[in-house]
Amino acid sequence: MALCGAFAWGIAYAWPAGLIALPSSLRLALVASLAVLGLLLNLRPKLAFGRAGTTVNPLRPASSCVLVTAGLHRVSRNPMYLGHALLLAAWACWLRHPAALVGVPLYLVYVTRYQILPEERALSATFGAAYDAYRARVRRWL
C-alpha cells in the first residue's frame, strides 16, 4: 500500500500540470470522508478478529482458528484491504492529480494476486466447506 501511495505521489510530483482545482473545503471533505471510511474498514475487522481470538496477521493465514463472517465480513471478504484502497483514494484526492488514482487499481491487483489468493487457498484448506460456502455467499470486494 505504501509503495502504491509513493507511486501516486511520484506521478503528481513529476506531472504537476495535471492538478485539479477543487475548492479546499470540498477537497478536505472528500479526503476526510474517504480516509475515515478507509480507517473504519481497516480497524473494525481487526477488532472482530481479536474478539474471535484469531489472527489478523495477513502473512500467516494458515494460523486462523476461527472463520470470521459477521460484521463487515457479511458484505466483503476483504474489508481491510478495501479500507487500504480507500485510504489510497483519499491520498490521490489529497494530491489533486487524477493520475494519482492509478495507485488504487495497482494496489488492488497486487494485493489480490500476492495476498488474497494465497489467503483464500489457506482458508479453504483450514475451514473446507464452511469457507467455500462463505466464499459463495460473500463477494471478494463488495
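**Figure 1. Nonpolar surface patch in the predicted model.** Trp9, Tyr13, Leu28, Trp91 and Trp94 make a nonpolar patch of about 570 Å² on the surface. The structure shown here and in the following views is a predicted model. Two helices, α1 (2-14) and α3 (79-95), each supply at least two residues of this patch. Tyrosine 13, one of the patch residues, is found in helix α1. The relative accessible area of tyrosine 13 is 61%, so this residue counts as exposed, the cut-off being over 50%.

**Figure 2. Salt bridge between arginine 77 and glutamate 120.** A search of the whole structure finds three salt bridges, and this view shows the one in which the side chains of arginine 77 and glutamate 120 meet, at 2.6 Å from N to O. The pair links distant parts of the chain, with the two positions 43 residues apart in numbering. Arginine 77 sits in the loop between α2 (24-52) and α3, while glutamate 120 belongs to helix α4 (residues 103-127). Both partners, arginine 77 and glutamate 120, are buried. For glutamate 120 the relative accessible area is 6%, which means that this residue falls under the 20% limit for buried residues.

**Figure 3. Salt bridge between glutamate 120 and arginine 140.** The side chain of glutamate 120 also meets that of arginine 140 in a salt bridge, with an N to O distance of 2.8 Å. Because glutamate 120 lies in helix α4 and arginine 140 in the segment after α5 (129-137), the pair ties together parts that are 20 residues apart in sequence. Arginine 140 has a relative accessibility of 26% and counts as partly exposed, whereas glutamate 120 is buried.

**Figure 4. Salt bridge within helix α5, and the network formed elsewhere.** Aspartate 132 forms a salt bridge with arginine 135, and their closest N and O atoms are 3.5 Å apart. Both residues lie in helix α5, where a spacing of three residues puts aspartate 132 and arginine 135 about one turn of the helix apart. Aspartate 132 is partly exposed at 34% relative accessibility, and arginine 135 is likewise partly exposed, at 32%. As for the network, salt bridges that share partners join Arg77, Glu120 and Arg140 into one.

Note on methods
Residues are numbered from 1 along each chain as its sequence is written. This is a predicted model: local features need pLDDT of at least 70, side-chain atom pairs count only at pLDDT 80 or more; totals for chains, interfaces and linings use all residues. Side-chain values use heavy atoms; hydrogens and water are left out. Patches are made of residues with over 30% relative accessible area and no salt bridge: like charges are joined within 9 Å, nonpolar side chains (Val, Leu, Ile, Met, Phe, Trp, Tyr) within 5 Å. Accessible areas come from the Shrake-Rupley method with a 1.4 Å probe; for residues, only the protein chains shown count as cover. A salt bridge is a side-chain nitrogen of Lys or Arg within 4 Å of a carboxyl oxygen of Asp or Glu. Helices (H or I, at least four residues) and strands (E, at least two) are DSSP runs, numbered from the N terminus. Buried means under 20% relative accessible area, exposed over 50%, partly exposed in between (1.4 Å probe, protein chains only).
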